[in-house]
Amino acid sequence: MTKHILILPGDGIGPEIVAEAVKILTYLRDTAGLAITMEEAPVGGAAIDATGVPLPDATLDLALQADAVLLGAVGGPKWEPLPIAIRPEKGLLGLRDQLELFANLRPAILYPQLAAASSLKPELVAGLDILIVRELTGGIYFGQPRGVTTGEDGTRTGVNTLVYSESEIRRICETAFDIARQRNRRVCSVDKANILECTELWRTVATEVGTEYPDVTLSHMYVDNAAMQLIREPKQFDVMVTTNMFGDILSDAAAMLTGSIGMLPSASLDATGKGMYEPIHGSAPNIAGQDIANPLATILSVAMMLRYSLGEPTAAERIEHAVSTVLDQGLRTADIMSPGMRRGGTAEMGDAVVVAMDSQV
Ligand code: IPM
Ligand code: MG
């Protein structure tokens, strides 16, 4: 059955990196019989410019109908003066919310070829393979009340609310435990249970879910310590499960261990496995349009899409293998450049991955 993929390039480097990912999908469609259709729509700043809102109804409808969504990145200085409620980022949060994509999988895997690009010593990161499971549709990102109010004396007060129901915690913990069963069977739940009641409940529910998975080892860590441990001894972790905001922060830190945030893909899944796939990095407006952005995180996001939403694990492996081949060949974008390697642009990197896939057959 033909699968429908919605392509949302977004802003900044989004359109450039997504174009490279589309090359990979097109190649698979034309040469490997992958039955897909692709359709493009605006989101984020591009949608604000075109329609006045960051998530037009037409884009949301297409996303709801699609089997999977590929997103580049949203945001940029041009739209920063706008109120938070209508900024490009709201387009992304609206998609996560409306599609009920509560489970965000963010793998941090070190490609051995890039050990020198890591901010840590090679021995600390060699073989690194962590999966951060971030709750994506709740917590302080969505909690009410929120906003800035002005009192009678003219003083302003800002408020955001950290809120999690038991069922929200339970389902994300179950996702983490299920995935841990396919990995090294260790889950570290990250909270701030010593100070925030909401995450004290998180710890309690994580512990309850843990009793249903006696074959998986559960540990708990406060988020400040987890941030430190990620930099001190990252290989102690297998699966980390945490709240929306803690996951946002820890996944950027974990990304840097692998050499570049430009390498890391992500999957955001609903309860049925439908998903939105995007690199974890942002729109990098400072380097947009210069053909220097690294498209590999987006290309690897396509691999995750094939694996999690399209039921095509072999095609996913072909992409991952081709990325590894290209790194072996010494081609590097600026963010992962090291002495002795050959520097290439965004499009050259995408083309090289296609060539590497083509030579597999
Ligand atoms: C991410 C990003 C987003 C987030 C922004 C762009 C809203 O940082 O996907 O990690 O905070 O979730
Ligand atoms: Mg982030």
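1. In this predicted model, five residue pairs, both members at pLDDT 80 or more, are in polar contact between domain 1 and domain 2. Salt bridges between domain 1 and domain 2 number zero.

2. The side of domain 1 that touches domain 2 draws two or more residues from each of two elements, α4 (88–98) and α11 (313–328). Of these, α4 gives the largest share, with four residues. By residue class, this side of domain 1 holds six nonpolar residues, one polar residue and seven charged residues. The seven charged residues on the side of domain 1 may be read together with the count of zero salt bridges between the two domains.

3. The domain assignment of the protein chain places residues 1–102 and 270–361 in domain 1, and residues 112–260 in domain 2. Domain 1 is thus given as two segments of the chain. To the contact between them, domain 1 brings 14 residues and domain 2 brings 17 residues. The centres of the two domains, taken over C-alpha atoms, are 24 Å apart.

4. How much area do domain 1 and domain 2 bury between them? The figure is about 1500 Å², and 62% of it lies on carbon and sulfur atoms. On the side of domain 1, Arg96, Phe102 and Ile280 account for 42% of the area buried against domain 2, more than any other three residues.

5. Helix α4 merits a separate remark. Its buried residues are Pro88, Gly91, Leu92, Leu93, Gly94, Leu95 and Arg96. Arg96 is thus a buried residue of α4, and Arg96 is also one of the three residues named above for their part in the area that domain 1 buries against domain 2. Just after α4, glutamate 100 adopts a positive phi of about 55°.

6. Serine 260 is the residue at which the assigned range of domain 2 ends. Serine 260 lies in the loop between α9 (244–257) and β11 (265–269). Is this serine buried or exposed? Serine 260 counts as buried because its relative accessibility is 5%, and the cut-off for a buried residue is under 20%.

7. The surroundings of serine 260 can be described further. The side chain of serine 260 comes to 2.8 Å from the backbone nitrogen of glycine 262. When residues up to four places away in sequence are not counted, serine 260 touches Ala255, Asp335 and Ile336. Among these, Asp335 and Ile336 fall within the 270–361 segment of domain 1.

Definitions and conventions:
Residues numbered from 1 in each chain as written. Chains lettered and ligands numbered in written order. Predicted model: local features only at pLDDT ≥ 70, side-chain atom pairs only at ≥ 80, totals over all residues. Heavy atoms only, no water. Domains from an automatic or database assignment. Contact = heavy atoms within 4.5 Å. Buried area = accessible area lost by both parts, 1.4 Å probe. Salt bridge = Lys/Arg side-chain N within 4 Å of Asp/Glu carboxyl O. Polar contact = N/O pair within 3.5 Å; in protein donor to acceptor, adjacent residues only side chain to side chain. Nonpolar A, V, L, I, M, F, W, Y, C, P; charged D, E, K, R; others polar. Buried < 20%, exposed > 50% of the residue type's maximum accessible area, 1.4 Å probe, protein only.
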